[in-house]
Amino acid sequence: MSAALAEAPPETRVHYLNANYGIKSWLLTTDHKRIALLYLASITLMFFVGGAMAVMMRIHLIDPAGALVHPDTYNKLFTMHGVMMIFFFLIPSIPAVLGNFLVPIMVGAKDLAFPRINLLSWYIFIIGASLTLYAMVSGGVDTGWTFYTPYSTTYANSQVMATALGVFVSGFSSILTGLNFIVTIHKMRAPGLTWFRMPLFLWAIYATSIIQVLGTPVVAIAIFLIGLERLFHVGIFDPAVGGDPILFQHLFWFYSHPAVYIMILPGMGVISEIITCFSRKKIFGYHFVAFSSMAIAVISFLVWGHHMFVTGMSVYAALIFSVLSFLVAIPSAIKVFNWTATLYQGSISYEAPMLYALGFIGLFTMGGLTGLFLASLATDVHLNGTYFIVAHFHYIMVGGAVMAYLGGIHFWWPKISGRMFPDTWARLAAAIVFIGFNLTFFPQFMLGYLGMPRRYATYPAEFQVLNVMSSAGASILGLGYMIPLIYLFWSIRYGPVAPANPWRAKGLEWQTSSPPPTQNFEVPPVVTEEAYAYGPPGSGREGAHD
Amino acid sequence: MSVHVEPVWLYVLVFLCLMVLTATTVGVAFVDLGSFNTLVALTIAVIKMLLVVTFFMHVRHSTALTKVFIAAGFLWLLLLIAFTLTDVGTRQIPQQPEGWGSATTVVPPPK
């Protein structure tokens with residue numbers, strides 16, 4: 001890799017962004033980096049659509065009697081918010097954007113194993129997203145994102161089929177992406193890149209891909225069966241014709257609990273990259289962090305029943321699922337402790353990606369520990385169906401996954417765009433997001449503990465103060481998300497030109513130019529050192545260019 | 001990966017086996033075997049599935065890695081079924097202890 005080439009301004013050399021122009025060069029591309037950007041644009045749109053619904057809900061809940069919308073509309077708002085955010089933002093977020101961009105570069109390959117299938121997966125995603133957007137504008141859906149039967153099969157009059165079809169279709173996009181990553185990581189690693197030299201981001205993406213490939217078909221089947229029952233009255237979930245309504249929950253959560261790990265595991269991979277870079281230290285306990293990703297992937301499939309403790313599942317099964325749910329805390333805790341140990345005696349600096357990463361550790365820990373309240377049978381009876389759950393999973397998915405996603409976008413933005421973002425604005429935005437997030441969701445823990453149920457359009461007056469705090473926090477959080485959108489766009493044209501390795505980080509992606517050439521590397525790379533080979537602090541070998 | 005070309009007679013043989021097994025499934029459906037009805041039907045289905053996977057999908061010539069992934073798929077299916085059965089197989093309406101639910105134990109609503 002020629003240093004002179006790496007430092008040349010992006011305009012003066014050919015890279016993946018200026019290799020060819022025109023709408024066709026994007027819509028028919030098989031370049032994993034361009035497909036990552038197609039995904040970035042699509043999921044950003046879905047994020048702000050889903051976010052707009054959250055804003056409407058929070059405005060509505062300022063007043064105990066409901067300030068904005070009809071209760072039926074409120075039901076549609078929380079349903080569509082959940083569907084958009086989970087299936088069309090969080091699940092594709094880090095894998096489809098950062099994973100698509102980084103996996104081939106991190107393994108030292110020219111592209112993914114199946115570039116055309118990669119493009120196909122984006123088109124499938126767009127078809128699924130379009131169906132769901134159609135459902136939204138043609139009346140919306142009000143079943144909750146969980147599509148629980150018998151409401152979704154028998155009683156709901158909203159756009160259940162269009163939404164379900166959208167989710168069903170987008171699932172195939174997820175499966176194909178996971179398949180592509182698994183084959184790429186197995187088959188296309190550069191010479192010298194052994195399994196235990198891989199960046200932990202790749203381990204996390206690998207574990208995620210396994211969940212995507214093994215879990216997603218089951219939710220597809222569950223949704224397909226809802227369609228069969230709704231359209232043809234086949235008795236699968238309806239007891240009146242021999243079905244079992246709780247069977248739907250088993251099938252749904254068999255995927256949808258591991259789906260939580262589809263959202264958070266790649267985030268954990270991002271955090272491992274950022275923490276090591278900005279504390280200039282090798283990760284503490286590489287093997288433990290790598291295997292904990294795999295452990296999470298496996299155990300995540302054994303705990304789904306904890307969503308069903310109060311919905312009619314047998315007590316015996318509830319006991320088993322409760323015990324197993326506690327198990328998943330172990331690999332999660334291993335990661336948190338190992339990141340913290342990595343920070344210890346590190347040479348820490350607080351660039352914007354690091355702020356997001358540190359925020360992640362704190363918020364994920366709170367989200368994870370409150371999960372233990374819900375894995376305990378007795379406390380779950382009190383807390384299930386309340387705002388405590390809402391707060392818990394938002395701490396994981398927003399405080400965890402979205403913080404990691406934003407941290408990752410900032411960390412790799414110079415590589416993706418070839419431009420630096422304004423660091424002061426980025427740090428400010430990270431702080432605003434952290435404050436806004438906590439103000440939005442911490443009061444919801446208290447609301448839930450006090451007994452306020454989720455999914456209700458009205459509430460008793462005594463809960464108003466906490467609800468107003470939460471709504472105020474949501475507006476701050478919304479602002480925190482708008483600022484990066486603006487300055488990242490700004491940086492594409494006006495940002496300073498990024499060097500090949502602005503953070504002095506390790507990893508193959510930093511050894512190629514920013515933005516990378518279409519083939520990723522001018523010369524096929526050979527890996528000769530362990531991951532995160534940062535020198536000890538003060539040794540003068542902390543950076544990559546030693 | 002090496003390419004194995006199977007002789008046509010093998011495909012025909014497997015196809016005939018599948019047809020015979022399908023006919024057996026239909027035939028068995030007319031005989032009431034009591035609690036063995038499901039067991040027999042599932043056993044025949046599993047044999048058919050193994051034939052398809054082994055011969056039609058060429059898994060017997062696949063690499064060990066492919067076989068591991070196929071095994072993982074079946075393991076996951078087993079997890080789905082086994083853990084669902086821990087619920088379905090043990091579901092019961094709990095016996096109410098004596099005195100519960102009777103008028104004497106109902107807590108009066110707060111005034």
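Here are some friendly notes on this two-chain predicted model, covering its salt bridges, the A–B contact, one helix and one histidine.

1. Ground rules. The model is predicted, with local features needing pLDDT of at least 70 and side-chain atom pairs counting only at pLDDT 80 or more, while totals for chains, interfaces and linings use all residues. Residues are numbered from 1 along each chain as its sequence is written, chains are lettered from A in the order in which they are written, and side-chain values use heavy atoms, with hydrogens and water left out.

2. Salt bridges overall. Counting a side-chain nitrogen of Lys or Arg within 4 Å of a carboxyl oxygen of Asp or Glu as a salt bridge, you will find 7 over all chains. The next three points and the interface give examples.

3. E530(A) with R197(A). The closest N and O atoms of this salt bridge are 3.4 Å apart. The pair links distant parts of the chain, 333 residues apart: E530(A) sits in the segment after helix 17 (464-494) of chain A, and R197(A) in the loop between helix 7 (160-187) and helix 8 (200-232). Helices here are DSSP runs (H or I, at least four residues), numbered from the N terminus. E530(A) has 40% relative accessibility and so counts as partly exposed; the scale runs from buried (under 20% relative accessible area) through partly exposed to exposed (over 50%), with a 1.4 Å probe and protein chains only.

4. K506(A) with E529(A). Here the closest N and O atoms of the salt bridge are 3.5 Å apart. Both residues lie in the segment after helix 17 of chain A, 23 residues apart. K506(A) is buried at 10% relative accessible area, whereas E529(A) is partly exposed at 33%.

5. E6(B) with R60(B). Chain B has a salt bridge of 3.0 Å, N to O, between these side chains. E6(B) comes before helix 1 (8-29) and R60(B) is in the loop between helix 2 (36-56) and helix 3 (64-88) of chain B, so the bridge ties together parts that are 54 residues apart in sequence. E6(B) is buried, at 9% relative accessible area, and R60(B) is partly exposed, at 39%.

6. The A–B interface. Contact (heavy atoms within 4.5 Å) takes 23 residues from chain A and 14 residues from chain B. The chains bury about 1,600 Å² between them, 79% of it on carbon and sulfur atoms; this is the accessible area (1.4 Å probe) that the two parts lose on being put together, summed over both. Between the chains there is 1 salt bridge: D244(A) meets R91(B) at 3.1 Å, N to O. Helix 7, helix 8, helix 9 (245-279) and helix 11 (315-327) each give two or more residues to the chain A side. D244(A), D87(B) and R91(B) are also linked in a network of salt bridges.

7. Helix 16 of chain A. This helix (residues 423-450) has 28 residues and reaches 41 Å from its first C-alpha to its last, close to the 40 Å expected, taking 1.5 Å times one less than the number of residues. G451(A) follows helix 16, with a positive phi near 110 degrees.

8. H81(A). This residue is in helix 4 (residues 71-107) of chain A and counts as buried at 14% relative accessibility. Leaving aside residues up to four places away in sequence, H81(A) touches G50(A), M53(A), A54(A), M57(A) and H394(A). The H81(A) side chain reaches the backbone oxygen of G50(A) at 2.9 Å.

Terms used
A polar contact is a pair of N or O atoms within 3.5 Å; within protein, one must be able to donate a hydrogen and the other to accept it, and residues adjacent in sequence count only if both atoms are side-chain atoms.
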